[in-house]
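Open the model in your viewer and keep the sequence panel visible. The stops below tell you what to select next and what is there.

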Amino acid sequence: MELKEKLELIKRNTQEIITEEELVKLLKTKSKPTMYIGTAITGQLHIAYFLWCMKCADFLKAGFKVKILLADLHGALDNTPWAVLEKRYEYYRSVIPLIFKSIGVNIKNLEFVKGSDFQMQKKYFFDTLRFSTFVTVEDCRKAASEVVKLGEHPKLAGLIYPIMQSLDEEYLGVDLQYGGIDQRKILVFARENLPKLGYKSRIELMTPIIPGLTGKKMSAS
């Protein structure tokens, strides 16, 4: 596939790319780049999941390695009860591959990653603490505001969430993170702060989200 075709495939149905120039450079210099999308295991799967699965299919067709992070610890940080965390992970791990199968996607270059498999590592924990010394409470609150259920009296867990999502880019070894447009503040937060730890910033790509019946976003982006 030619560069122009790959770029058009990746760009279709997107709302914002930070930045397109970096994406073009990546496609020119790396034959098999890697991207990821993370989903916190916070609720029932619904039709909106087809949107990002179809976008992942575009990345696969464009020659990307695609990683899907099933973020179990992020689910706990966003109020999923610890007691049901493992069962919720198994539910996501069983159903999401069926979504890809139902839309006829070749998943040869698709990988599922369980968040706690690497987020419990000593170095990751140390980097989480390091990261926390570079950002303010307000930075984290602002980054998480459209994604995490902070409420009137936010828990500390919700402020840790964007720090970990930023570090995931480094520990998953990806070139690009993909999310819904509601994730924009966290994705920009990652770009601005990873270099402070000596890590490179990544390309951030966002698609529109599907509104629920009340006009707000569905339970998960």
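## Stop 1: a pair within one helix

Select Glu138, which is partly exposed, with a relative accessible area of 43%. Keep in mind that this is a predicted model. Now add Arg141, which counts as partly exposed at 34% relative accessibility. The side chains of Glu138 and Arg141 form a salt bridge, 2.6 Å from N to O. Both residues belong to helix α8 (residues 137-144), and they sit three residues apart, about one turn of the helix. Side chains of opposite charge can pair when their charged atoms come close.

## Stop 2: salt bridges between distant parts of the chain

How many salt bridges does the structure hold? There are 15. Two of them are worth selecting here.

Start with Arg12 and Asp58, which form a salt bridge whose closest N and O atoms are 2.7 Å apart. Arg12 lies in the loop between α1 (3-11) and β1, and Asp58 in helix α3, so the pair ties together parts that are 46 residues apart in sequence. Are these two residues buried or exposed? Asp58 has a relative accessible area of 4% and is buried, while Arg12, at 41%, counts as partly exposed.

Next select Glu16 and Arg184, whose side chains meet in a salt bridge of 2.7 Å, N to O. Glu16 is in strand β1 and Arg184 is in helix α10 (residues 184-193), so this pair ties together parts that are 168 residues apart in sequence. Glu16 is partly exposed, with a relative accessible area of 22%. Arg184 also counts as partly exposed, at 34% relative accessibility.

## Stop 3: the sheet

Switch to a cartoon view and find the strands. What is their order in the sheet? The six strands of this open sheet are arranged as β1-β6-β5-β2-β3-β4, and their pairing is mixed. Color β1 (16-18) and β4 (110-114): these are the edge strands, and each pairs on one side only. On average, neighbouring strands of this sheet are turned by 20° against each other, direction ignored. Strands of a sheet pair through backbone hydrogen bonds, either parallel or antiparallel.

## Stop 4: strand β3 and its partners

Select β3 (65-71). Six of the seven residues of β3 are buried, so the strand is largely enclosed by the rest of the structure. β2 and β3 run parallel and are joined by seven bridges. To see one position in this pairing, select Gly38 and its bridge partner in β3, Leu69. Follow the chain from β2 through helix α3 (residues 48-61) to β3: this β-α-β crossover is right-handed.

Now look at the pairing of β3 with β4, which is parallel and has five bridges. Leu69 appears again here, with Val113 as its bridge partner in β4.

## Stop 5: strand β5 and two helices

Move to β5, which pairs with strand β6 (residues 203-207) in the parallel sense over five bridges. Select Tyr178 and Leu205 to see a position in this pairing: Leu205 is the bridge partner of Tyr178 in β6. Then show helix α9 (residues 156-171), which packs on the sheet and touches β2, β3, β5 and β6. The direction of α9 makes about 155° with that of β2.

Show helix α5 (residues 85-102) as well. Helix α5 lies across β2 (34-40), β3 and β4, and runs at about 170° to β4.

## Stop 6: Gln177

Stay with strand β5 (residues 176-180) and select Gln177 in it. Is Gln177 buried or exposed? The relative accessibility of Gln177 is 3%, which is under the 20% limit, so Gln177 counts as buried. Which side chain does Gln177 meet in a polar contact? The partner is Gln165, at 2.9 Å between the two side chains. Beyond its neighbours within four places in sequence, Gln177 is in contact with several residues, including Tyr36, Leu187 and Ile203.

## Stop 7: Glu152

Finish in the loop between α8 and α9, where Glu152 is found. Glu152 has a relative accessible area of 73%, which is over the 50% limit, so this residue is exposed. Then select Ile163 too: Glu152 and Ile163 are eleven residues apart in sequence, and their C-alpha atoms are 21 Å apart in space.

Note on methods
Residues are numbered from 1 along each chain as its sequence is written. This is a predicted model: local features need pLDDT of at least 70, side-chain atom pairs count only at pLDDT 80 or more; totals for chains, interfaces and linings use all residues. Side-chain values use heavy atoms; hydrogens and water are left out. Helices (H or I, at least four residues) and strands (E, at least two) are DSSP runs, numbered from the N terminus. Buried means under 20% relative accessible area, exposed over 50%, partly exposed in between (1.4 Å probe, protein chains only). A polar contact is a pair of N or O atoms within 3.5 Å; within protein, one must be able to donate a hydrogen and the other to accept it, and residues adjacent in sequence count only if both atoms are side-chain atoms. Contact means heavy atoms within 4.5 Å. Two strands pair if DSSP finds at least two bridges between them. Axes are lines fitted to C-alpha atoms, for helices over the stretch in contact, and angles run from 0 to 180 degrees between N-to-C directions. A crossover is right-handed if, with the strands pointing away from the viewer, the path from the first strand over the helix to the second runs clockwise. A salt bridge is a side-chain nitrogen of Lys or Arg within 4 Å of a carboxyl oxygen of Asp or Glu.
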